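Grab a coffee and work through these exercises with the model open beside you. Each one has a task, followed by a solution in steps.

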Amino acid sequence: MKDSELKRLLEQTQEVAKSVGAFIRKERQHFDVKNVEHKGFNDLVSYVDKEAERQIVDHLSTIFPEAGFITEEGTNTTRSEVYNWVIDPLDGTTNFIHGIPVFSVSIALMERDEVILGVVYEINLHECFYAIKGGGAFCNETPIQVSSAPNLAASLIATGFPYYNFEQIDKYLAALKSLMQSTHGLRRFGSAAVDLAYVASGRLEGFFEYNLNSYDVAAGALIVQEAGGKVTDFLGGGDYIFGRQIVATNSKIHDEFLIELNRIWSA
C-alpha cells in the first residue's frame, strides 16, 4: 500500500473512531444497567458495544472495501488474505457499564501478519492516539514518545486483572507483589488500549497482561512501537497480537521487566 493511501486511511479511521466515540459518550448519559448481557463469566456486553461495532464496520467497509474484519462482537467475520481491520468498539465495557470514565475505541489495520495502522480514541478525554507503520506516533496531532525512565525502579506499570481465566492467578499475584516492591507503583485502568496509549505517550513505562485478544492490543501495540517503545510476548518473542499475552515498555526497561516477569512466570 502506498504511503499516501495509508495516510488517507489513517485520517478517515480517526474520524470514524471519533464519531463512534461521540455515540458511546452520548449513550453513557442515560445508560441503564438492565441493558447488560453476559457473553460469558464476567464477560459483559451491551447494545452500545454492538451498535458501535456496526457503525465502525459500515464506515470502514465504505472507505476500504478490500479489507476483511476481526471484530469483538462478530458484526463481520469475513477475513481477507491481505488486509484485515481489527476492531474493539468499546474497550473497557465494564468501566462503561459502571460509569467509570476510562474506555476507548480501538481500530487497527493489518497487512497479512503486520499491523500497519492503529487508532485508539480515549472517549472521555477526547484524546486520539494514532500511528502508521514507519510514521511515528501522535496524540491529537502532537508527536508522542515513550518515557526515558532507565529502569523498573523509576517506572510506573499498568496491568489488567484476570476476570474469567484464573489458572495463572497465583503467578500473576506473585508478579504484582514483586512489581509493587520494585517500581513506582501499579495501575489498573480497565482498558488495555488506553494502557498501551499511555505507554506510548510516556505516562507509563510499561504494561503487561495475559488472556487478551487481538482487538484489545493491535492498535495500541503499533502506537507504542512508533513512539519508540518495545512490544513482545512474555518470552520476548513476537506473538503478542494473537498469543494472548503482551509486555509493552519504553524499551529501556524491557529486558529487566522480562527477567523479573519470567522469574515468576516460569517458576
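**Exercise 1. Find the strands that helix α6 lies across, and its angle to β6.**

Step 1. Select helix α6, residues 214-226; helices here are DSSP runs of H or I with at least four residues, strands are E runs of at least two, and both are numbered from the N terminus.
Step 2. List what α6 touches, where contact means heavy atoms within 4.5 Å. The helix lies across β3, β4, β5, β6, β7 and β8 (137-139).
Step 3. Read the direction: α6 runs at about 100° to β6. Axes are lines fitted to C-alpha atoms, for helices over the stretch in contact, and angles run from 0 to 180 degrees between N-to-C directions.

A word on the ground rules: this is a predicted model, in which local features need pLDDT of at least 70 and side-chain atom pairs count only at pLDDT 80 or more, while totals for chains, interfaces and linings use all residues. Residues are numbered from 1 along each chain as its sequence is written, and side-chain values use heavy atoms, with hydrogens and water left out.

**Exercise 2. Work out the strand order of the sheet that holds β6, and name its edges.**

Step 1. Trace the order β3-β4-β5-β6-β7-β8-β9: these 7 strands form an open sheet with mixed pairing. Two strands pair if DSSP finds at least two bridges between them.
Step 2. Look at the ends. β3 (68-71) and β9 (142-143) each have a single partner strand, so one side of each lacks a neighbour in the sheet.
Step 3. Add the other helix: α2 (residues 47-63) packs on the sheet, touching β3, β4 (83-91) and β5, and its direction makes about 150° with that of β4.

**Exercise 3. Describe how β6 pairs with β5 and with β7.**

Step 1. Start with β5 (residues 104-111), which pairs with β6 in the antiparallel sense over 8 bridges. Here A108 has G118 as its bridge partner, and E111 stands opposite E114.
Step 2. Check the turn of this hairpin: 2 residues separate the strands, and R112 has a positive phi of about 55°.
Step 3. Move to β7 (residues 127-132), antiparallel to β6 over 6 bridges, with Y130 as the partner of V119. This hairpin has 4 residues between its strands, and H126 takes a positive phi near 55°.
Step 4. Judge the surroundings. Because 8 of the 9 residues of β6 (residues 114-122) are buried (under 20% relative accessible area, with a 1.4 Å probe and protein chains only), the strand is largely enclosed by the rest of the structure.

**Exercise 4. Is A17 buried or exposed, and which residues does A17 contact?**

Step 1. Locate A17 in helix α1 (residues 3-28).
Step 2. Its relative accessible area is 0%, so A17 is buried.
Step 3. Leaving aside neighbours within four places in sequence, A17 contacts V105, I107, V119 and Y121. The C-alpha atoms of A17 and V119 are 7.6 Å apart, although their positions lie 102 residues apart along the chain.

**Exercise 5. At what angle do helices α4 and α7 pack?**

Step 1. Take α4 (residues 169-182) and α7 (residues 254-265): they pack at about 140°, with axes 9 Å apart.
Step 2. Place each on its strands. α4 lies across β10 (156-159), β11 and β12 (206-210), while α7 lies across β10, β12, β13 and β14.

Note on methods:
Buried means under 20% relative accessible area, exposed over 50%, partly exposed in between (1.4 Å probe, protein chains only). Contact means heavy atoms within 4.5 Å.
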